[in-house]
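Visitor: I am new to this structure and would like to be taken through it slowly, with the reasoning given at each step. Could we begin with a single residue and then widen the view?

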Amino acid sequence: YPLCALAVSDERPVSTQSTWDATLQEEISADDLFLMTCYNSIVNGFRSATLAGPLCDEPMQNAAFIIEEVTLARWKDEIYGPDPYGPFSGQVMSTLRDAYREAFLACAPRLVQPMYKVNLQVSSGVIGRIATVVSRRRGRILSEMMVEGTDRFEIQAKLPVVGRSR
C-alpha cells in the first residue's frame, strides 16, 4: 500500500464504515447516505490516484492531499426531476482522481529509485570493506548488530537495483 495520507477538512465527521454496515445497524437519512457516498468517493478517488501515479503508473509514496473546503448539495428530484447525470459517486471519484494527479504533478514529483534491502553476515575483520563496497554502489547501511557468541556481524543495507552485481 502506498504510504500516503488523506486529510479531509470537514466540520461534521462522516462515518468511515461502509454504507451497507450502517444500514444494517440503523436507519440512516438520505442526507447522511449522500454524505457517506461522497466521503467514500473521495477516499476511493485518492486510492485510485495513489495506486497508479501520473508519471509511470507507479504507486505514489510520501504524498499528502489536503481538501480545505467541500460544498455539497444533494440533487432534489422533487424540484429538478430525475438526476440526468447518472451515478454520482463514480463522477466524484474520477474527478478527484484527476485532481489529485494534477496537484501531484504541480509539485515537481520525481521517481524513486528501487532499492534492495539486503542482510549480510560478515566477520568483524571485513566490516570496513563491506561499508566501502556498499557506499561505492550508492547504497547505505541501515544497521550493524553483533551476533552474540560469535565474531560475526549482521548488517542490514539498502542497495540500488540498477547497480546490483550478478
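**Residues, helices and a core**

Visitor: What is the relative accessible area of Asp-98, which is described as partly exposed?

Guide: Asp-98 is placed in the partly exposed class, a class that lies between buried (under 20% relative accessible area) and exposed (over 50%), with a 1.4 Å probe and protein chains only. The model is predicted, and local features need pLDDT of at least 70, while side-chain atom pairs count only at pLDDT 80 or more and totals for chains, interfaces and linings use all residues. Residues are numbered from 1 along each chain as its sequence is written, and side-chain values use heavy atoms, with hydrogens and water left out. Asp-98 is partly exposed because its relative accessible area is 42%.

Visitor: Which residue does Asp-98 meet in a salt bridge?

Guide: A salt bridge is counted when a side-chain nitrogen of Lys or Arg lies within 4 Å of a carboxyl oxygen of Asp or Glu, and by this rule the count comes to one. The distance from N to O in the pair is 3.7 Å. The partner of Asp-98 is partly exposed too, because its relative accessible area is 24%, and the residue in question is Arg-97.

Visitor: How many helices and strands are there in the chain?

Guide: Helices (H or I, at least four residues) and strands (E, at least two) are DSSP runs, numbered from the N terminus. Read from the N terminus on, the elements run β-α-α-β-α-α-β-α-β-β. The count in the chain is therefore five helices and five strands.

Visitor: Which element gives the most to the largest nonpolar core?

Guide: A nonpolar core is a set of buried Ala, Val, Leu, Ile, Met, Phe, Trp, Tyr and Cys residues joined through side-chain atoms within 4.5 Å. The largest such core holds 11 residues in all, including Ile-42, Phe-46, Met-60, Phe-65, Val-92, Leu-96 and Phe-104. At least two residues of this core come from each of α2 (30-51), β2 (63-67) and α4. With four residues, the element that gives the most is α4.

Visitor: What separates the C-alpha atoms of Ser-94 and Ser-48?

Guide: Ser-94 lies in helix α4, and its side chain reaches the backbone oxygen of Gln-91 at 3.3 Å. Ser-94 counts as partly exposed because its relative accessible area is 25%. Although Ser-94 and Ser-48 are 46 residues apart along the chain, their C-alpha atoms are separated by 8.5 Å.

Visitor: Which backbone oxygen does the side chain of Thr-50 reach?

Guide: Thr-50 has its place in helix α2, where Thr-50 counts as buried because its relative accessible area is 2%. The side chain of Thr-50 reaches, at 3.3 Å, the backbone oxygen of Arg-47.

Visitor: What is the phi of Arg-138?

Guide: Most residues other than glycine have a negative phi. Arg-138 lies in the loop between α5 (127-136) and β4 (140-146), and Arg-138 counts as exposed because its relative accessibility is 54%. Although Arg-138 is not a glycine, its phi is positive, at about 60°.

Visitor: What share of the residues of the chain count as buried?

Guide: Thr-50 is one of the residues that count as buried, whereas Arg-138 counts as exposed. For the chain as a whole, the share of its 166 residues that count as buried is 19%.

Terms used:
A polar contact is a pair of N or O atoms within 3.5 Å; within protein, one must be able to donate a hydrogen and the other to accept it, and residues adjacent in sequence count only if both atoms are side-chain atoms.
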